Amino acid sequence: MKTKRMILAGGSGFMGGLLASYFEERGWTCVVLTRQHPQSDRELRWDGVHRGDWEACLEGADVLVNLCGKSVNCRYHPRNRRALMNSRLLPTRLLGEAVAEAHKPPELWIQASTATLYRHTFGDPWDEHGDIGAHPDAKDAFSIELATAWEDAFRDAIPPGIRPVLLRSAMVLGRGNDLNNVLSVLRRLTRFGLGGKMGHGHQYVSWIHEKDFCRALERIIAQSELVGPVNVCAPNPLPNHQMMRILRRRLSRPVGIPAPAWALELGAFFLRTETELIIKSRRVIPGKLLAGGFEFEFPDFSRAAEDLLSP
Ligand SMILES: NC(=O)c1ccc[n+]([C@@H]2O[C@H](COP(=O)([O-])OP(=O)(O)OC[C@H]3O[C@@H](n4cnc5c(N)ncnc54)[C@H](OP(=O)(O)O)[C@@H]3O)[C@@H](O)[C@H]2O)c1
């Protein structure tokens with residue numbers, strides 16, 4: 001049987017590492033497009049802006065996954081806003097041009113997007129038909145602008161005949177110490193006694209266990225009816241105060257100093273990040289995956305935390 005091949009543009013980071021390990025264990029060949037000096041045979045250099053020899057890897061590949069994007073964990077001043085936008089739009093347009101000219105392009109293009117697109121809410125959870133847009137309380141105007149432009153660039157770039165999937169992913173929780181693994185940050189804060197509720201603590205947190213994230217991609221690949229936006233998140237988002245309580249219990253830290261809104265603003269300034277990443281209420285559910293019968297191994301945060309925080 002022919003070995004399946006996955007191209008991971010921007011696959012040198014957190015999500016790419018998870019996906020490459022998961023699919024390689026299952027017999028796939030994964031090729032990572034990176035702007036860095038290649039570290040292994042599986043990595044191929046490109047610059048994310050210009051056409052080049054790297055395009056040959058697209059010929060006959062089964063799946064293209066585009067994960068390119070500067071981390072949103074930074075201050076949103078004008079220079080970073082430009083970099084956040086360009087790092088998503090330019091590689092997407094470039095891949096679109098390359099795929100359009102390939103003789104045998106991948107049948108499926110999975111494009112990273114974000115569950116942050118959905119409106120800040122304390123009401124019913126949003127599935128793929130949920131409201132999209134910014135809310136002043138969430139301070140998320142730029143994030144929505146960024147995510148909308150990112151999805152629009154993908155819709156403009158993808159040639160007809162290739163199955164388009166937009167991965168509206170919630171934060172992926174993993175075991176490692178990667179900077180983009182939010183669980184590793186929360187684990188450190190909780191160990192230092194700072195694992196109290198954040199702000200008023202009622203804001204919902206959408207999340208997904210790293211294994212379910214990879215399994216969801218496997219399902220998307222297998223189920224050709226899945227097209228367009230797909231929410232990739234656990235079915236049970238929970239309020240921040242509950243999440244922090246579970247973490248304190250798991251890490252045997254009965255006390256966690258809460259962080260009121262003013263402290264979050266101050267902390268975010270010194271840590272060169274934005275409070276939106278914490279205060280926005282993200283209540284998103286995986287409508288399409290559930291409708292397709294996908295079963296989560298870790299549907300509840302307590303089970304996911306138990307698994308990911310065990311030695
Ligand atoms: N982590 C999460 O929980 C989460 C949740 C929702 C959405 N997302 C989105 O999913 C994508 C992947 O997330 P991640 O956590 O794996 O991020 P990551 O670890 O920061 O990896 C992103 C990769 O994008 C590449 N990149 C950055 N700037 C680029 C540019 N200007 N041109 C081309 N490539 C560029 C980098 O690869 P090289 O430096 O090797 O070229 C980097 O390894 C991101 O776009 C992120 O916003 C992540």
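In this predicted model, the side chain of N66 makes a polar contact with the side chain of T92, at a distance of 3.2 Å. N66 belongs to strand β4, which runs over residues 63-66, and with a relative accessibility of 1% it counts as buried, because the limit for that class is under 20% relative accessible area. Leaving aside residues up to four places away in sequence, N66 touches A9, T92, L95, W109, I110, Q111 and A112, so that T92 appears both among these neighbours and as the partner in the polar contact.

From this one buried position the view can be widened to the chain as a whole. The secondary structure of the protein chain comes to 10 helices and 11 strands, and the C-alpha trace spans about 60 × 45 × 40 Å along its principal axes. For 311 residues, a compact globule would have a radius of gyration near 19 Å, and the protein chain, at 19 Å, agrees with that expectation. Of the 311 residues, 52% are buried, N66 being one of the residues in that class. When contacts between residues at least 6 apart in sequence are considered, 77% of them join residues at least 24 apart. The accessible surface comes to about 14600 Å², with 54% of it belonging to carbon and sulfur atoms.

Charged side chains offer another way through the model, since a search of the whole structure finds 16 salt bridges. One of them joins the side chains of E24 and R42, with 2.8 Å from N to O. This pair links distant parts of the chain, for E24 sits in helix α1 (residues 14-25) while R42 sits in the loop between β2 (29-34) and β3 (43-45), 18 residues apart. E24 is partly exposed at 30% relative accessibility, and R42 is likewise partly exposed, with a relative accessible area of 28%.

A salt bridge within a single helix is found between D152 and R155, both of which lie in helix α3 (residues 141-157), three residues apart, or about one turn of the helix. The closest N and O atoms of D152 and R155 are 3.4 Å apart. D152 counts as partly exposed at 36% relative accessibility, and R155 is also partly exposed, with a relative accessible area of 43%.

The side chains of R215 and E297 meet in a further salt bridge, at 3.7 Å from N to O. Because R215 lies in helix α5 (residues 210-222) and E297 in the loop between α9 (287-291) and α10 (301-308), the pair ties together parts that are 82 residues apart in sequence. The two ends of this bridge fall into separate accessibility classes: R215 counts as buried at 18% relative accessibility, whereas E297 is partly exposed, with a relative accessible area of 29%. Beyond such pairs, R51, E55, E97 and E101 are linked in a network of salt bridges.

The path ends at the surface, where V72, L277 and I278 form a nonpolar patch with about 180 Å² of accessible area together. L277 is found in helix α8, which covers residues 276-279. Its relative accessible area of 32% makes L277 partly exposed, and this value also meets the requirement for patch membership, because patches are made of residues with over 30% relative accessible area and no salt bridge.

How values were computed
Residues are numbered from 1 along each chain as its sequence is written. This is a predicted model: local features need pLDDT of at least 70, side-chain atom pairs count only at pLDDT 80 or more; totals for chains, interfaces and linings use all residues. Side-chain values use heavy atoms; hydrogens and water are left out. Patches are made of residues with over 30% relative accessible area and no salt bridge: like charges are joined within 9 Å, nonpolar side chains (Val, Leu, Ile, Met, Phe, Trp, Tyr) within 5 Å. Accessible areas come from the Shrake-Rupley method with a 1.4 Å probe; for residues, only the protein chains shown count as cover. A salt bridge is a side-chain nitrogen of Lys or Arg within 4 Å of a carboxyl oxygen of Asp or Glu. Helices (H or I, at least four residues) and strands (E, at least two) are DSSP runs, numbered from the N terminus. Buried means under 20% relative accessible area, exposed over 50%, partly exposed in between (1.4 Å probe, protein chains only). The radius of gyration is taken over C-alpha atoms; the globule rule is 2.2 Å times the number of residues to the power 0.38. Contact means heavy atoms within 4.5 Å. A polar contact is a pair of N or O atoms within 3.5 Å; within protein, one must be able to donate a hydrogen and the other to accept it, and residues adjacent in sequence count only if both atoms are side-chain atoms.
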